[in-house]
Amino acid sequence: TDKTETLEYRIQRVVEDGTNRIGDLEFRLVELEGGDVSTLGETTTLGGDFNTSTPDDGGNTTRPVTELAVGEQVDFDRANTALADGDHQSAADQFSAFTTTYPGSPLEPEAHLRRGQALEGLSQNTGAARAYLEAYSSNPTGPVAAESLFRLGMALGKLDQVNEACVTLGEVSYRHPGSPFVGQADAEMARLNCS
């Protein structure tokens with residue numbers, strides 16, 4: 001019981017620290033954009049506040065299957081094609097519409113990530129950083145989390161937020177060891193002369 005309580009406490013501290021860091025990044029991005037920081041809501045808790053597993057008959061936990069809405073995959077693929085074809089404005093608009101039309105979609109983190117890439121292609125680095133942050137915040141353990149965190153760090157570097165970029169890039173290897181983006185994050189940290 002003592003070990004369980006100790007682990008629970010440590011996990012809670014990691015969640016609080018991660019949530020605070022994401023909140024700080026959101027604040028800084030709004031500040032960089034010249035937006036009104038008083039309109040910022042409360043940062044979503046890292047990892048979410050909901051239980052994503054349900055016990056089955058054997059006592060094991062299983063993740064519920066999320067089905068895509070009609071047309072959801074088609075809309076996502078259309079936006080992805082625009083991005084691949086280099087039509088960054090169309091891709092950014094379509095991915096933005098996708099996240100509005102299909103909130104809570106399992107494709108939402110990747111839609112934010114790809115919207116960030118489209119905005120980066122338009123040299124809108126502040127918007128790209130915000131999109132990458134949304135991609136990471138929406139699922140910090142998902143399949144595109146490491147890439148989102150890496151690209152957020154790169155975008156912060158382009159915005160001359162070198163300290164924040166170094167911290168963010170350093171988190172890639174800490175939170176996602178074994179990811180192919182760890183090497184890229186390390187290379188970007190070297191380029192930025194992170195200590």
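**Figure 1. The whole chain, with 8 helices and 2 strands.** This is a predicted model, and its elements run α-β-β-α-α-α-α-α-α-α from the N terminus on. The chain has 195 residues, and 39% of them count as buried. Take the contacts with a separation of 6 or more: residues 24 or more positions apart account for 54% of those.

**Figure 2. Confidence along the chain, with a pLDDT average of 82.** A score of at least 70 goes to 80% of the residues. Among the elements, helix α4 (residues 108-121) has the highest mean pLDDT, at 95, while strand β2 (residues 61-62) sits at the other end with the lowest, 36. As for residues 50-65, the pLDDT there is below 50, and the stretch has 10 contacts in the model once near neighbours in sequence are set aside.

**Figure 3. Helix α2 packing with helix α3.** Here residues 72-84 (α2) meet residues 88-101 (α3) at an angle of about 155°, and the two axes are 7 Å apart. That angle makes α2 roughly antiparallel to α3, because anything over 145 degrees counts that way. The crossing of α2 past α3 is left-handed.

**Figure 4. Side by side: the residues where α2 and α3 touch.** From α2, the contact draws on Glu72, Asp75, Phe76, Arg78, Ala79, Asn80, Ala82 and Leu83. Facing them from α3 are His88, Ser90, Ala91, Gln94, Phe95 and Phe98. Sort the contact by class and you get 7 nonpolar residues, 4 polar and 3 charged.

**Figure 5. Ser123, a non-glycine residue with a positive phi.** Most residues other than glycine have a negative phi. Ser123 goes the other way, at about 60°. To find Ser123, look in the loop between α4 and α5, the latter covering 125-138. Is Ser123 buried or exposed? With 60% relative accessibility, Ser123 counts as exposed, since the cut-off is over 50%.

**Figure 6. Asp160, in the loop between α6 and α7.** The helices on either side span 145-158 (α6) and 162-175 (α7). Asp160 is not a glycine, yet its phi is positive, at about 60°. Its relative accessibility is 64%, so Asp160 counts as exposed.

Methods:
Residues are numbered from 1 along each chain as its sequence is written. This is a predicted model: local features need pLDDT of at least 70, side-chain atom pairs count only at pLDDT 80 or more; totals for chains, interfaces and linings use all residues. Side-chain values use heavy atoms; hydrogens and water are left out. Axes are lines fitted to C-alpha atoms, for helices over the stretch in contact, and angles run from 0 to 180 degrees between N-to-C directions. Helices (H or I, at least four residues) and strands (E, at least two) are DSSP runs, numbered from the N terminus. Angles under 35 degrees count as roughly parallel, over 145 as roughly antiparallel, 65 to 115 as roughly perpendicular and the rest as oblique. A crossing is left-handed if the near helix is turned anticlockwise from the far one by less than a right angle, and right-handed if clockwise. Contact means heavy atoms within 4.5 Å. Ala, Val, Leu, Ile, Met, Phe, Trp, Tyr, Cys and Pro count as nonpolar, Asp, Glu, Lys and Arg as charged, and the others, Gly among them, as polar. pLDDT is the predictor's confidence in each residue, from 0 to 100. Buried means under 20% relative accessible area, exposed over 50%, partly exposed in between (1.4 Å probe, protein chains only).
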